[in-house]
Structure formats: C-alpha cells, structure tokens
Amino acid sequence: MGRTETGVHSPEQMICQRRTAALRDKSSLNAMSVYAQLCIGFSLYLYGQVSTPGYLSALLMMPVLLLLFLPSWFLARRKRPGLSVTASAAGERGAKLFFLCFFLVHLLDAQLAFFTLCAVVRDVMPDFERAAAALAAALFCALGGGEDEGLNRLSRPLKRVVGALLLYCAVIAVPHGSAAHFFPLLGFGPASVLRGTLWMSGGLASVVWPLLNREDTEPPQRFFFTLRAPLLALGLGVITYAASVWLMPVYVMQRPESLGWRMLLLVHMTPSVPAWSMEVIGLMLLLLAASTYSTTQAARALSQFGGKQKTPRFLTAVLLFLLVPACVIDPDNVQKMLTAAAPLRAAGSFILLGLLCLCSLIRKKKKADRGDLV
C-alpha cells in the first residue's frame with residue numbers, strides 16, 4: 001500500500017506553515033493593490049503625459065521602491081512584542097499622529113481605486129445611473145471588507161483568476177501591435193520620463209503596509225521573501241505598459257479619452273469580443289479588491305488612532321460609502337484633484353517613515369542612556 005508523506009511532524013510545524021501561508025496571502029493582496037495603483041497611474045498620467053516611453057518611467061521606480069521598503073524593513077525588525085510597529089518606534093502616544101497620517105494615505109489609495117472602478121463601469125455601461133453604480137459597488141465592497149484574514153485568503157484564488165483573464169487579453173493583443181510603436185525611444189525627452197517616474201512613485205506607497213502591520217504571530221520574514229511581492233507587482237506593471245505601447249503609436253496614447261476607456265485600452269485596440277469581456281471582468285475584480293483592501297487598511301489605521309486594536313466592521317462600510325460622492329458629484333474636477341494629489345503619497349510616506357526611524361533611534365538611545373545610569 002502507498003504511504004502518505006508530509007513535512008509536518010508536530011503541531012508547532014503545522015502552525016508555522018499556516019502562519020507562513022497567511023503571510024504569503026497578505027503579501028499577495030498587497031501586491032494586487034500595488035499593481036492596481038500602477039495601472040490607475042498609467043491611465044491618469046503616463047499615457048497622456050509621457051506616452052510611449054512610460055515603461056521606462058515604471059522601470060526607474062525601482063529606487064523609489066527600495067527607498068520606501070528599506071526604512072519599513074528597519075522598523076519592522078525593531079518591533080516590540082505586544083505593540084504595533086508604529087507604536088514600537090514612536091511610543092503609544094506619539095504613534096497616534098502617525099496613524100492619522102497613514103489613514104489619509106490609505107484613504108487616498110481607496111478613493112483612487114474606487115473612482116477608477118466607477119469610471120470603468122461608466123465606460124462599459126454608459127446608460128446606467130452613475131449614483132446607483134457607485135452605491136452598488138460600495139455595498140459590494142462593504143459586504144466583503146472589514147476582516148483582514150478573510151480578504152487575505154481571498155487573494156489566493158483571486159490573483160489566479162485576474163492573472164489568467166488579463167494574460168488572455170495580452171496574448172490576443174499580440175498580433176495587432178508593432179515594435180515601431182516603441183520609437184522614438186525617449187518620446188518627448190528624458191525630462192518627461194523622469195517626471196513620469198516621480199508622479200508614478202505615489203502608486204508604490206502601499207508597499208510598506210505589510211511590514212508596518214506586522215503581527216506578533218507572524219513567523220520571521222526574510223528580506224528577499226518580503227521584497228518579492230512588490231517587485232513582482234512592479235514587474236507586471238512594466239509588462240502591462242509595454243503591451244500597451246506594442247499596440248498603440250504615440251498619437252493614440254495621447255487622445256483625450258476618459259479614464260475608463262484608458263483602463264480598457266488593451267482591448268480597445270483588438271477586435272476580440274471575448275477579450276473585451278475578460279478584460280472588463282479582470283479589471284472589475286482587481287479594482288474591487290484594491291478598493292476594499294485600501295479602505296480596510298484606512299479603517300484599521302483610524303481604529304489604532306482611536307486606541308482600538310480591533311477594527312469595527314461598520315467603520316470599513318462607512319468609509320466605503322464616503323468614497324461615493326466623489327464619483328457622482330462633478331467627477332471631472334475630482335479627477336483633476338486626484339491627479340494632482342496622487343504623487344504626494346510617496347513623498348508623504350517616505351517622510352513619515354523617516355520620522356519613525358528617527359523616533360526609533362532616539363528612543364533606543366534614551367533607553368541605553370538610562371541603562372548606563374543604572
């Protein structure tokens with residue numbers, strides 16, 4: 001008879017495997033959110049302002065990724081048992097101000113994802129009532145949000161489904177493109193490429209949350225294991241933009257189209273109806289997940305600001321419905337404001353992380369000085 005073999009030989013090993021799997025799911029959901037923010041940035045800014053060399057702007061975001069990741073890793077390694085990473089660095093009282101700032105960054109992420117979701121719905125169903133669509137999307141997200149563990153587990157099947165749908169669309173698009181679209185190589189010049197990198201850096205602000213939300217129960221994390229998910233999200237973003245350039249010359253990218261049209265850009269350049277349907281489904285799932293994830297993180301930061309470790313479920317629902325007015329009342333001006341505010345997320349996060357690192361070092365020095373006196 002056959003014999004079942006397993007690598008688990010004790011309850012401790014089983015618990016460790018489960019916690020490692022949970023950590024992997026948490027990183028995957030965060031990577032999906034990062035990828036969604038990158039795609040939103042492509043449609044809001046890069047396609048129109050940088051055009052064909054926008055994939056170079058995405059490649060140049062690697063230093064920004066490291067600038068955000070390294071201080072987060074430093075802070076996560078200094079986490080004290082029983083305290084959050086932020087409270088370990090700034091103290092329980094000082095951490096409240098940081099939680100409030102992180103809440104605002106999360107809320108901007110959520111508003112961008114939710115606004116883009118509604119823009120895609122308007123492009124796909126132009127006759128559908130705008131307010132009804134936004135309220136339905138908020139209700140759908142509210143039903144699935146509020147529990148980090150459930151959302152993290154959802155990322156496991158979701159990333160496969162979304163990945164398969166978008167990959168199919170990319171494969172269908174290959175025969176309809178041309179390598180000539182990549183030239184001129186630098187488009188409007190190196191300055192526009194660098195401006196695109198600076199603008200797009202805001203989309204990477206959320207790479208820090210898995211580290212800043214580190215739990216006591218999580219197993220020790222290796223540096224490259226933790227960095228792998230955001231690197232993969234950035235790499236997929238570069239591939240997505242390159243696929244768009246393959247399909248379109250510079251003058252098509254700069255057409256004054258709506259945000260929803262640009263998000264569906266890949267399938268607008270192909271005659272395949274199945275590809276159009278799969279792109280719509282894949283983008284809807286991606287943006288729903290990103291909206292729910294960012295809103296849940298915003299609710300968590302707001303709860304920690306109020307001194308609560310457990311996030312009330314209703315708070316996530318309230319924040320989701322607060323995102324609706326921006327999608328219904330004068331969305332054109334809201335889009336301009338979001339475009340102006342989006343790049344500030346990276347600078348704000350970097351400043352907050354720098355201040356937290358400084359607080360951590362000062363607190364450690366004071367503790368060492370008190371130890372010497374004793």
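How do the residues of the lining of the second largest pocket divide into nonpolar, polar and charged? The legend to Figure 2 takes this up, after an overview of the predicted model.

**Figure 1. Overall fold of the predicted model.** The protein has 17 helices and zero strands. Its radius of gyration is 22 Å, close to the 21 Å that the globule rule gives for 374 residues, so the protein is as compact as a globular protein of that length. Along the principal axes, the C-alpha atoms fill a box of roughly 75 × 65 × 40 Å. Of the 374 residues, 52% are buried. Among contacts with a separation of 6 or more, 84% are between residues 24 or more positions apart.

**Figure 2. The second largest pocket and its lining.** This pocket has a volume of about 810 Å³. Its lining is made up of 33 residues, and those closest to the pocket centre are Y35, G163, L166, L236 and T240. At least two lining residues come from each of helix 1, helix 6 (148-173), helix 9, helix 11 (259-263), helix 12 (265-268) and helix 13 (273-305). By class, the lining residues are 22 nonpolar, six polar and five charged, which settles the opening question.

**Figure 3. The largest cavity, one of two cavities of 30 Å³ or more in the whole structure.** The volume of the largest cavity is about 50 Å³. Its lining consists of S27, N30, F69, V207, P210, L211, T226, A229 and P230. Two or more of these residues are given by each of helix 1 (11-49), helix 8 (209-212) and helix 9 (223-247). Helix 9 contributes the most to this lining, with three residues. Six of the lining residues are nonpolar and three are polar, while no charged residues take part.

**Figure 4. The second largest cavity.** Here the volume is about 30 Å³. W73, A76, R77, L211, R214 and Q221 line this cavity. Residue L211 thus appears in this lining and also in that of the largest cavity. Helix 3 (residues 62-77) gives the most to the lining of the second largest cavity, with three residues. The classes represented in this lining are three nonpolar, one polar and two charged residues.

**Figure 5. Surroundings of C141, a cysteine in no disulfide.** A search of the whole structure finds zero disulfides. For C141, the nearest cysteine sulfur belongs to C118 and lies 8.9 Å away. A disulfide would need the two sulfur atoms within 2.5 Å. C141 is buried, and its relative accessible area is 2%.

**Figure 6. Surroundings of C169, a buried cysteine.** Why does the sulfur of C169 form no bond with the closest cysteine sulfur? That closest sulfur is in C39, and the distance of 12 Å is too far for a bond. The relative accessible area of C169 is 2%, so the residue counts as buried.

Note on methods: Residues are numbered from 1 along each chain as its sequence is written. This is a predicted model: local features need pLDDT of at least 70, side-chain atom pairs count only at pLDDT 80 or more; totals for chains, interfaces and linings use all residues. Side-chain values use heavy atoms; hydrogens and water are left out. Buried means under 20% relative accessible area, exposed over 50%, partly exposed in between (1.4 Å probe, protein chains only). On a 1 Å grid over the protein atoms alone, a cavity is a set of points where a 1.4 Å probe fits but cannot get out, and a pocket is an open set with protein on both sides within 12 Å along at least five of seven lines; lining residues have an atom within 4 Å of a point. Grid points are joined across faces, edges and corners, and a volume is the space filled by probe spheres set on the points. Helices (H or I, at least four residues) and strands (E, at least two) are DSSP runs, numbered from the N terminus. Ala, Val, Leu, Ile, Met, Phe, Trp, Tyr, Cys and Pro count as nonpolar, Asp, Glu, Lys and Arg as charged, and the others, Gly among them, as polar. The radius of gyration is taken over C-alpha atoms; the globule rule is 2.2 Å times the number of residues to the power 0.38. Contact means heavy atoms within 4.5 Å.
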